[in-house]
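This briefing sets out the main structural features of the protein shown below. The points are grouped by topic for use at the bench.

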Amino acid sequence: MPKKKIIVKTKQTKTKTAKIKQAKTKATKTKKAKRLTPAKRLTPREKKIQEIKKKLIAWREAVLEEAEAALNELPGQTVFPDLGDQATAETERSFMLRLRGRERRLLKKIENAIERIEERIFGICDKCGKEIDVRRLEARPVTTMCIECKMQQEEEERLTEM
Ligand SMILES: [Zn+2]
């Protein structure tokens, strides 16, 4: 009789330990899931901004390629070295210097926009600090001003020119 009791006790303890283990594993899983959710779930605006970032990177590539092709077409110019990973800072610098002003300004704007996305300050108006409408950002991703401030600035420029 006493032997049987002992066996029962051991069984119970085992089940208890297993249950505690199970509960612990469950808790860890829930914790992990909770921690992952905020990073994974982007707001619609953040999603759009990530799409814009991809477009900006592709745009920068296109401008660089076009600029490179235009430079290589110039008579009497040496063929421009490949702008691959091996391009030194020096070749990149001379490349930028040889770009036409318009392309250089555009590249700078594109790069600034990509940087602002990475710093999580993209889409905030430089002037008033409000969020720029996402439709405006999609149409003009390099903009740093909301439509109201931009219009105001243009109006001011027009007045000073007159
Ligand atoms: Zn503004």
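In this predicted model, the largest nonpolar core has 20 residues, of which L56, I110, F122 and C125 touch the most other members. Two elements, α2 and α4 (residues 101–118), each give two or more residues to this core. The largest share, 6 residues, is supplied by α2. Because domain 1 (43–122) and domain 2 (123–162) both contribute residues, the core lies between the two domains.

**Contacts and burial around the core**

- Leaving aside residues up to four places away in sequence, I110 is in contact with L56, W59, R60, V63 and V142.
- I110 is also one of the buried residues of α4, and L56 is among those buried in α2.
- C125 has a relative accessibility of 3%, which is under the 20% limit, so this residue counts as buried.
- As a general tendency, nonpolar side chains in soluble globular proteins are buried together.

**Zinc site**

- The zinc ion is coordinated at 2.3 Å by the SG atoms of four cysteines, C125, C128, C146 and C149.
- Along the chain, these donors follow the spacing C-x2-C-x17-C-x2-C.
- The site is tetrahedral, with angles of 103 to 115° among the 4 donor atoms.
- For reference, the ideal angle for four tetrahedral donors is 109.5 degrees.
- C125 thus appears both as a zinc donor and as one of the core members with the most contacts to other members.
- The donor C128 has a relative accessible area of 37%; this value falls between 20% and 50%, so C128 is classed as partly exposed.

**Helix α2**

- Helix α2 covers residues 44–73, and its 30 residues should span 44 Å at 1.5 Å a residue.
- The C-alpha atoms at the ends of α2 are 44 Å apart, which agrees with that expectation.
- The buried residues of α2 include the nonpolar positions I49, I52, L56, V63, L64, A67 and L71.
- R45, K53 and E68 are likewise buried in α2.

**Helix α4 and the residue that follows**

- The 18 residues of α4 should span 26 Å at 1.5 Å a residue, and the end C-alpha atoms are 26 Å apart, in agreement.
- Buried positions in α4 are E103, L107, I110, A113, I114, R116 and I117.
- Just after α4, R120 adopts a positive phi of about 60°, in a residue other than glycine.
- R120 belongs to the loop between α4 and α5 (134–139).
- With a relative accessible area of 67%, over the 50% limit, R120 is exposed.

**The loop before α2**

- L42 is located in the loop between α1 (2–40) and α2.
- At 32% relative accessibility, L42 counts as partly exposed.
- Apart from residues up to four places away in sequence, L42 touches K47 and Q50.

**Overall architecture**

- The protein chain has 6 helices and 0 strands, and its elements run α-α-α-α-α-α from the N terminus on.
- Of the 162 residues in the protein chain, 20% count as buried.
- Among contacts with a separation of 6 or more, 52% join residues 24 or more positions apart.

Conventions: Residues numbered from 1 in each chain as written. Predicted model: local features only at pLDDT ≥ 70, side-chain atom pairs only at ≥ 80, totals over all residues. Heavy atoms only, no water. Donors = N, O, S within 2.8 Å, 3.2 Å for Na, K, Ca; no water. Tetrahedral: all angles 85-135°; square planar, octahedral: opposite > 155°, others 65-115°. Buried < 20%, exposed > 50% of the residue type's maximum accessible area, 1.4 Å probe, protein only. Helix = DSSP H or I, 4+ residues; strand = E, 2+ residues; numbered from the N terminus. Expected span 1.5 Å × (residues − 1). Core = buried A, V, L, I, M, F, W, Y, C linked by side-chain atoms within 4.5 Å. Domains from an automatic or database assignment. Contact = heavy atoms within 4.5 Å.
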